[in-house]
Amino acid sequence: MTDRALPPASHDPIDTDAVVIGAGPAGLFQAFQLGLQGLGVHIIDALPHAGGQCAELYGDKPIYDVPGIPVCTGRELVALLLKQLAPIQPQWHLAAQVQGLETLADGRFLLSTTSGAQLRARCVFIAAGVGAFVPRMLKIAGIEAHLGRQLHYHPADVEVAAGQKIVVHGGDEDAVAAALRCAEIHPGAHVTLLHRRDVFNAAPDMLARLQALRDSGRITVIAAQIIGMEEQNGSLAALQLTDPQGAAQRLALDQLWVYLGISPRLGPISDWGLAMERKQLLVDAATFSTSQPGIYAVGDINHYPGKRRLILCAFHEATLAAFAAAELLSGAKVLLQYTTTSARLHAILGVEHPASE
């Protein structure tokens with residue numbers, strides 16, 4: 001799965017046809033379907049990478065009910081969806097959340113994000129699952145001042161220089177994978193895996209690799225809890241720790257990567273005046289429009305009679321929502337075209353259209 005850099009913040013709104021909130025399977029396929037309708041798309045997600053709940057909670061677990069794919073993991077499904085989406089060339093806003101949504105006088109929507117970007121869209125698609133998955137934060141006074149410079153939550157790709165002291169904090173598979181990746185890709189770095197216990201929840205092959213790197217001195221494991229920090233000349237210099245016996249320790253560092261898990265938050269969606277039932281958006285099952293024309297909801301975030309929380313149902317919802325939005329924006333019926341034969345769709349997808357016989 002490839003990370004996408006956050007676009008630079010701008011005070012001027014960026015105009016687009018559609019904004020998709022959420023980069024899980026529902027959001028990715030929604031963007032693909034909008035692209036087939038010829039609509040420009042921006043995708044926003046709270047995580048620093050695409051995949052949402054599917055990649056975070058089912059990353060290495062098997063999924064058996066995606067049509068045409070007998071079995072795949074969550075990460076494999078996301079990789080396939082990203083490959084399918086690539087010709088559409090959406091604009092990405094990762095590690096960002098929507099703070100506000102305002103309906104403008106001309107019917108468009110103005111969205112403000114935590115990254116500072118503002119998007120002015122003709123339609124909005126909420127594919128936020130059970131809410132924005134956001135990393136659990138360290139509760140250390142003042143440490144957030146180093147966010148994005150030395151402190152990183154669930155980073156997928158951080159530049160590491162030779163000789164740097166990298167501390168990976170966490171005990172789950174993501175933390176172990178990050179420590180392994182750093183030690184194997186950046187052999188000149190000093191990698192420390194920090195957890196409250198010297199016990200890690202990861203696959204056996206990963207634990208075997210971890211032990212091998214510990215034995216070779218490439219990774220140091222420390223069992224302790226963070227109780228404070230030290231700063232020097234405005235930079236994060238060290239962590240103050242206490243071990244299981246209550247003894248104090250000091251751990252110098254250059255970068256701190258935190259993997260304490262993620263939790264869903266509905267966030268400001270509940271304040272947008274959209275009809276809801278039990279924290280889900282009520283939609284019309286024919287168009288997947290919410291109570292606000294021009295705003296659609298697909299996937300686990302929505303509710304309608306007969307709703308089933310399945311990925312394949314979200315794909316169906318995204319398809320109908322894209323058709324409905326295209327018709328709303330054009331004011332005309334959208335004719336059904338097939339990717340097998342349509343020259344227009346072949347041009348969008350960048351595939352060669354067979355010559356007419």
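User: By class, how many nonpolar, polar and charged residues does the lining of the largest pocket have?
Analyst: The model is predicted: local features need pLDDT of at least 70 and side-chain atom pairs pLDDT 80 or more, while totals for chains, interfaces and linings use all residues. Residues are numbered from 1 along each chain as its sequence is written, and side-chain values use heavy atoms, without hydrogens or water. Ala, Val, Leu, Ile, Met, Phe, Trp, Tyr, Cys and Pro count as nonpolar, Asp, Glu, Lys and Arg as charged, and the others, Gly among them, as polar. The lining has 20 nonpolar, 11 polar and 14 charged residues.

User: Which lining residues lie nearest the centre of the largest pocket?
Analyst: A pocket is an open set of points on a 1 Å grid over the protein atoms alone, where a 1.4 Å probe fits, with protein on both sides within 12 Å along at least five of seven lines; lining residues have an atom within 4 Å of a point. This one has a volume of about 1200 Å³ (the space filled by probe spheres set on the points, which are joined across faces, edges and corners). Of its 45 lining residues, those nearest the centre are Arg-75, Asp-172, Glu-173, Asp-174 and Tyr-259.

User: Which helix gives the most to that lining?
Analyst: Helices (H or I, at least four residues) and strands (E, at least two) are DSSP runs, numbered from the N terminus. H2 (52-57), H4 (173-185), H5 (204-215) and strand E14 (225-232) each supply at least two lining residues. The most, 7 residues, come from H4.

User: How far from Cys-72 is the nearest cysteine sulfur?
Analyst: The structure holds 0 disulfides (cysteine sulfur pairs within 2.5 Å). Cys-72 is buried (under 20% relative accessible area; exposed is over 50%, partly exposed in between; 1.4 Å probe, protein chains only), at 3%. The nearest cysteine sulfur, that of Cys-54, lies at 7.3 Å.

User: Which residues touch the most other members of the largest nonpolar core?
Analyst: Such a core is a set of buried Ala, Val, Leu, Ile, Met, Phe, Trp, Tyr and Cys residues joined through side-chain atoms within 4.5 Å. The largest has 64 residues. Those touching the most other members are Leu-28, Trp-92, Leu-111, Val-124, Phe-125 and Ile-126.

User: Is Gln-89 buried or exposed?
Analyst: Gln-89 lies in the loop between H3 (74-85) and E5 (91-94). Its phi is near 55°, a positive value in a residue other than glycine. At 63% relative accessibility, Gln-89 counts as exposed.
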